[in-house]
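Dear colleague,

I am handing over the structure we spoke about, and below it you will find my notes on two of its regions. Please read them with the model open beside you.

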Amino acid sequence: MNPIKITTVLVDRANYGRLKPVLEVMRDDSDIELNLVCTGTMLLDRFGKAVDLVKKDGFNVTEEIYMELEGSVPSTMAKSIGLAVIELSNAFQRHSPDFVLLIGDRSEALGAAIAAVYQNYCLIHIQGGEITGSIDESARHAITKLAHYHFPSTKQGQKNIVQMGERKDTVFSYGCPSVDVVSKIRKYPTPKVSNEGVGPELNFAKDYLLVLFHPVTTEYSDSEKQMEEVLSAIKELNIQTLLIWPNIDAGSDGVSQAIRRFREYNHSIQLHAYKNFEPEEYIPLLDNAVCAIGNSSSFIRDASFLGTPVVLVGTRQDGRQRTKAVIKVVENKDKIVDAVRYQI
């Protein structure tokens, strides 16, 4: 028998972090021919160029497809989806896969889903059925309705997919792949960081905050002000802080400007900013943080496995299932400070 041909599309650093355990199994299975397509911010240096991590981990990247338009506004996001449909349609034609595998709710993944199903390629979707609000939820549900097989990460996600009209025998609730990453590499005595970043050196043997705040697409014009509130809270807390730059969604330029301005005028604050981390670096950093602040999905899922206290800021994860270790607040300095002090 010929091996099963599976084309997996990675569109950002979080995609790779969550899918890595699945990719390792497929890579080492002689019955599977794995084609990896890296696109989106995976290829961009200002987001850490995560494609280099993929190659370093021993994966063969079949194709690198550039499709992100600059601007960080809704129109550039919409146009980038169009480019994704065009470029990934060509890639799928070249690979002629038996299955296309996607994860999550990124706009780039929506473009990949359209490119796959309209060419009659069988689509597998991981992490469908979750409720989070904003345009991300709409994209996730759209991918679910396009997909043929579903691997939700929660039992509630499984129920939601079936309620959306998908056949029960195509839905497999096997949990989130990131739990495999966590269980494999958690509890390093002290985090080790190879990514240099910018800012004063941090002592990871002492208390530190981990901050990651992405723009909310439906609130992109408020992103800069929202990030300013987060940074003002960090200043008042006066605890050394590891900050990760935001993703490329509409509003990311505003978030980035707020960070740069804060660093320029607050040299006494111990804040070190990084572009990206390998999963083996990120999980220990999250595990050992005294508190995580922001709106990353990793603060909902990975932090829940680890037990790290989280202050979830804003609406980006509204509706997503979370543990009691997560406290949600509005984008307000005083609310954030109070919640962090409570968590610590």
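A right-handed β-α-β unit is formed by strand β4, helix α4 (residues 107–117) and strand β5, in what is, please bear in mind, a predicted model. Within this unit β4 and β5 (residues 122–126) run parallel and are joined by 5 bridges, and one place to look for this pairing is Ile103, which stands opposite Ile126 in β5.

Strand β4 also pairs with strand β1 (residues 4–10), again in the parallel sense, here over 3 bridges, with Ile6 standing opposite Phe99 in β4. As for the surroundings of β4 (residues 99–103), 4 of its 5 residues are buried, under 20% relative accessible area, and therefore the strand is largely enclosed by the rest of the structure.

The second region concerns strand β9 (residues 271–274), and here one may ask which of its residues are buried on each side. On one side they are Leu271 and Ala273, and on the other His272 and Tyr274, so that both faces of the strand are covered.

Strand β9 pairs with strand β8 (residues 241–244) in the parallel sense, over 4 bridges, and Tyr274, one of the buried residues just named, is the bridge partner of Ile244. Between these two strands the chain passes through helix α9 (residues 252–265), going from β8 to β9 in a β-α-β crossover that is right-handed.

With kind regards

Methods. Residues numbered from 1 in each chain as written. Predicted model: local features only at pLDDT ≥ 70, side-chain atom pairs only at ≥ 80, totals over all residues. Heavy atoms only, no water. Buried < 20%, exposed > 50% of the residue type's maximum accessible area, 1.4 Å probe, protein only. Pairing = 2+ DSSP bridges. Right-handed = clockwise from strand over helix to strand, strands pointing away.
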